[in-house]
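Subject: Structure for you to look at

Hello,

Here is the structure I said I would pass on. Please open it first, then read the notes below with it on screen.

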Amino acid sequence: MEFTCRFRVGMAAVDAAGRIFFPELFRLAQECAEAFLESRGLVLADWMTDGTHLLPVVHAEADYLRPIRLGDRLE
């Protein structure tokens with residue numbers, strides 16, 4: 001089953017040069033991961049608040065192949 005997230009890069013996500021501020025890409029990736037899980041019936045807010053489940057991020061990295069700019073549409 002295919003899953004796609006789509007985002008438009010808004011003003012709050014970019015720096016003064018109009019390029020995405022690097023932590024914003026990780027925020028978008030997290031939103032996409034949560035949307036994917038919800039599409040499969042797992043709502044993190046419900047699953048994690050009972051105190052028995054944790055999902056720590058232990059490593060994250062990104063290679064930027066070209067600039068991501070204000071108004072870009074990401075998929």
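**The disulfide**

Cys 5 and Cys 32 are joined by a disulfide, with 2.2 Å from S to S. Please keep in mind that the model is predicted. A disulfide is a covalent bond between the sulfur atoms of two cysteines. The count for this model comes to 1 disulfide.

Which parts of the chain does the pair tie together? Cys 5 is in the segment before strand S1 (7-8), while Cys 32 is in helix H1, so the bond links parts that lie 27 residues apart in sequence. The torsion about the S-S bond is about 105°, so this disulfide is right-handed.

The two ends of the bond fall into separate accessibility classes. Cys 5 has a relative accessible area of 10%, and because buried means under 20%, Cys 5 is buried. Cys 32 comes out at 21% relative accessibility and therefore counts as partly exposed.

**The nonpolar core**

Cys 5 also belongs to the largest nonpolar core, which has 8 residues in all. The other members are Phe 7, Val 9, Ala 13, Val 14, Ile 20, Leu 28 and Ile 68. Three of them are worth a look one by one.

Start with Leu 28. Not counting residues up to four places away in sequence, Leu 28 touches Phe 7, Ile 20 and Leu 74. Phe 7 and Ile 20 are listed in the core as well.

Next is Ala 13, in the loop between S1 and H1. Its relative accessible area is 7%, so Ala 13 is buried. If neighbours within four places in sequence are set aside, Ala 13 is in contact with Arg 19, Ile 20, Phe 21 and Glu 24. Leu 70 is 57 residues from Ala 13 along the chain, yet the C-alpha atoms of the two are separated by 7.8 Å.

The third is Ile 68, which sits in the loop between H2 and S2. Ile 68 has 14% relative accessibility and therefore counts as buried. Beyond the residues up to four places away in sequence, Ile 68 touches Val 9, Gly 18, Arg 19, Ile 20, Leu 25 and Leu 74. From Ile 68 to Phe 22 the C-alpha atoms are 9.6 Å apart in space, and the two residues are 46 apart in sequence.

**Two glutamates and an arginine**

Is Glu 24 buried or exposed? Glu 24 has 16% relative accessibility, so this residue counts as buried. Glu 24 is part of helix H1, which covers residues 22-39. Apart from neighbours within four places in sequence, Glu 24 is in contact with Ala 12 and Ala 13.

Glu 2 can be set beside Glu 24. Glu 2 is in the segment before S1, and with a relative accessible area of 71% Glu 2 is exposed. The C-alpha atoms of Glu 2 and Leu 37 are separated by 13 Å, and the two residues are 35 apart along the chain.

Arg 73 is exposed too, with a relative accessible area of 68%. You will find Arg 73 in strand S2, residues 73-74. Leaving out neighbours within four places in sequence, Arg 73 is in contact with Phe 7 and Arg 8. Between Arg 73 and Ser 39 the C-alpha separation is 21 Å, for residues 34 apart along the chain.

**The largest pocket**

Rolling a probe the size of a water molecule over the atoms shows where empty space is left. In this model the largest pocket has a volume of about 160 Å³.

Which residues line the largest pocket? They are Ala 29, Gln 30, Ala 33, Glu 34, Leu 37, Leu 44, Met 48, Leu 55 and Val 57. By type, the lining divides into 7 nonpolar residues, 1 polar and 1 charged.

Helix H1 gives the most to this lining, with 5 residues. H1 and helix H2 (44-48) each supply at least two.

If you want an order for going through the model, I suggest the bond between Cys 5 and Cys 32, then the core that includes Cys 5, then the pocket to which H1 gives 5 lining residues.

Regards

Conventions:
Residues are numbered from 1 along each chain as its sequence is written. This is a predicted model: local features need pLDDT of at least 70, side-chain atom pairs count only at pLDDT 80 or more; totals for chains, interfaces and linings use all residues. Side-chain values use heavy atoms; hydrogens and water are left out. Helices (H or I, at least four residues) and strands (E, at least two) are DSSP runs, numbered from the N terminus. Buried means under 20% relative accessible area, exposed over 50%, partly exposed in between (1.4 Å probe, protein chains only). Contact means heavy atoms within 4.5 Å. A disulfide is a pair of cysteine sulfur atoms within 2.5 Å. A nonpolar core is a set of buried Ala, Val, Leu, Ile, Met, Phe, Trp, Tyr and Cys residues joined through side-chain atoms within 4.5 Å. On a 1 Å grid over the protein atoms alone, a cavity is a set of points where a 1.4 Å probe fits but cannot get out, and a pocket is an open set with protein on both sides within 12 Å along at least five of seven lines; lining residues have an atom within 4 Å of a point. Grid points are joined across faces, edges and corners, and a volume is the space filled by probe spheres set on the points. Ala, Val, Leu, Ile, Met, Phe, Trp, Tyr, Cys and Pro count as nonpolar, Asp, Glu, Lys and Arg as charged, and the others, Gly among them, as polar.
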